[in-house]
Amino acid sequence: MAKHELILPKMGESIMEATILKWWKKEGDVVNQDETVLEVATDKVDSEVPTPVKGKIVQLLFKENDVVAIGKTIAIIETEGSVVTDPGPIAQIVEKKAEVSVAKPVMASKTVDPIEPISIKTGSGRFYSPLVRSIAKEEQISQAQLDSISGTGQDGRVTKRDVIAFLSDKSQSSATIVAKTESPKVETPKPIAVDYTGSNVEIIEMDRMRKLIADHMVMSKQTSPHVTSYIEIDVTPLVSWREKVKNVFAKTYGQKLTFTPIFIEAVARAIKDFPMINISVQGTQIIRKLDINIGMAAALPSGNLIVPVIKNADRLNLAGLSYAVNDLANRARNNKLKPEEIQEGTFTITNVGTFGNIMGTPIINQPQVAILATGIIKKKPAVIETEFGDMIGIRQMMYLSLSYDHRVVDGALGGSFLKRIGDYLEQFDVNQSI
């Protein structure tokens, strides 16, 4: 009999650890090749981990809710045959350092004292994950400072969120010191802690995904100075065309034709016209993305939000975009997305019109620099210009709003890009074949 080490596989770029949500198998169970053994969660998505071999589980090395580094052995499987030394392609071990996006603290002095290495375990037995140690090293956090952080993880373990909160507090403190030496600026007050004991309230703890969303939204507002531009457009021809062809489209392609793929098609065309929207910022460098990968914000039944990504959206026709949109939206609602399907987005669309809203001011999905909100399409009286003069008519109108990062996207670029999207939608080719 041989023993195979089941390795926690790579879950995507920059992901260095995962939390074990549930063991689907227990010690003593027999498993077949490619059968799911456990379910794990990262800060991106939940995933199932199968076994690449057939055998009997003789040992589970971690418990549910444990945080495990990518590449670690999580279970031992007894197999027939020779000793298995190759964990298989499913368990590619990530050796490179985590690429962690953390706001840099504002320092009052550029002098940095040498920082001692962060231990995996301290004298008191406190454990630090590879991701936490990587952030500590990158951000010049000493062992003493790390030991002083109150951990919110299991058994008081320090998590990535705890370190980011520590850096945020440190940044605000340093910025206050610098500000006091320059001018009497007003310090932003911290939220007031309220004691609700005895009050007629219900206290609801955020679930894991809501905590991650909250952190991401706050980080985005702290990172990017948001500006939002708006336009109103007439999509009457587009609406009429969709109404006319949607049944034929469904019979031909087996897909429901919604407005989302039409919006994505217009955005992809506009990005080609204005490629400096398709960028991210890294320090003082602008990273221009050559692929056009468009994310679409999707509301989940739990009330949370996830953003699946359509890769190379500019290379797909309307039928291909419809299939991708419907497939990703359906699997998002059923928690079946793969980690790579919510990564590498370069631009995001959120459809607030789904909820009857006429417009919105969306928050940028970092590290992107712009996000488009599409409002509800409503019949409204509008001025129609004709060769015989202006007249009032009933038209299908909607608002588009674009939030963008004013560090690198000025009003001229943001406004022109938004107008170009509107032009493509207003000038939609109603004679195109399906």
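Strand β16 (residues 347–351) and strand β17 run parallel and are joined by four bridges. Two strands count as paired if DSSP finds at least two bridges between them. Helices (H or I, at least four residues) and strands (E, at least two) are DSSP runs, numbered from the N terminus. The model is a predicted one: local features need pLDDT of at least 70, side-chain atom pairs count only at pLDDT 80 or more, and totals for chains, interfaces and linings use all residues. Residues are numbered from 1 along each chain as its sequence is written, and side-chain values use heavy atoms, with hydrogens and water left out.

Within the β16–β17 pair, Ile349 has Leu372 as its bridge partner in β17. Strand β17 also pairs with β19, here in the antiparallel sense and over five bridges. In that pairing, Ile371 stands opposite Ser403 of β19. Strand β17 spans residues 370–374, and five of its five residues are buried. Buried means under 20% relative accessible area, exposed means over 50%, and partly exposed lies in between (1.4 Å probe, protein chains only). In a regular strand the side chains alternate between the two faces of the sheet. Both faces of β17 are covered. Ala370, Leu372 and Thr374 are buried on one side, and Ile371 and Ala373 on the other.

Strand β19 covers residues 389–405 and includes Gln396. Gln396 counts as buried because its relative accessibility is 17%. Beyond its neighbours within four places in sequence, Gln396 is in contact (heavy atoms within 4.5 Å) with two groups of residues. One group comprises Ile233, Asp234, Val235, Thr236 and Val239. The other comprises Ile377, Lys378 and Lys379.

Helix packing comes next. Two packed helices are described by the angle between their axes and the distance between the axes. Axes are lines fitted to C-alpha atoms, for helices over the stretch in contact, and angles run from 0 to 180 degrees between N-to-C directions. Angles under 35 degrees count as roughly parallel, over 145 as roughly antiparallel, 65 to 115 as roughly perpendicular and the rest as oblique. The axes of helix α6 (residues 260–273) and helix α7 (residues 318–333) come within 9 Å and cross at roughly 120°. Helices α6 and α7 are therefore oblique to each other. Their crossing is right-handed. A crossing is right-handed if the near helix is turned clockwise from the far one by less than a right angle, and left-handed if anticlockwise. On the α6 side, Thr260, Pro261, Ile262, Ile264 and Glu265 take part in the contact. They meet Leu318, Leu321, Ser322 and Val325 of α7.

Helix α7 also packs against helix α5 (residues 236–253), with axes that come within 12 Å and cross at roughly 75°. That angle makes α5 roughly perpendicular to α7. Trp241, Phe249 and Tyr253 of α5 meet Leu318, Ala319 and Ser322 of α7. Leu318 and Ser322 thus appear in the contacts with α6 and in those with α5.

Two further sheets involve strands β1 to β8. One is an open sheet of four strands in the order β5-β4-β2-β7, with antiparallel pairing. Its edge strands are β5 (46–50) and β7 (67–69), each of which pairs on one side only. The twist averages 45° from one strand to the next. Strands β2 and β4 (residues 36–41) run antiparallel and are joined by four bridges. Ile20 has Val40 of β4 as its bridge partner. Glu17 belongs to β2 (residues 17–23). At 15% relative accessibility, Glu17 counts as buried. Glu17 and Gly71 are 54 residues apart in sequence, yet 8.8 Å apart in space, C-alpha to C-alpha.

The other open sheet has four strands in the order β1-β8-β6-β3, again with antiparallel pairing. Strands β1 (2–7) and β3 (30–31) stand at the edges with a single partner each, so one side of each lacks a neighbour in the sheet. Four bridges join β6 (residues 55–60) to β8 (residues 73–79) in the antiparallel sense. Gln59 stands opposite Ile76 of β8.

Overall, the protein has eight helices and 19 strands. Of its 434 residues, 42% are buried. Among contacts with a separation of 6 or more, 65% are between residues 24 or more positions apart. The exposed area is about 24,200 Å², with carbon and sulfur atoms supplying 52% of it. Areas come from the Shrake-Rupley method with a 1.4 Å probe; for residues, only the protein chains shown count as cover.
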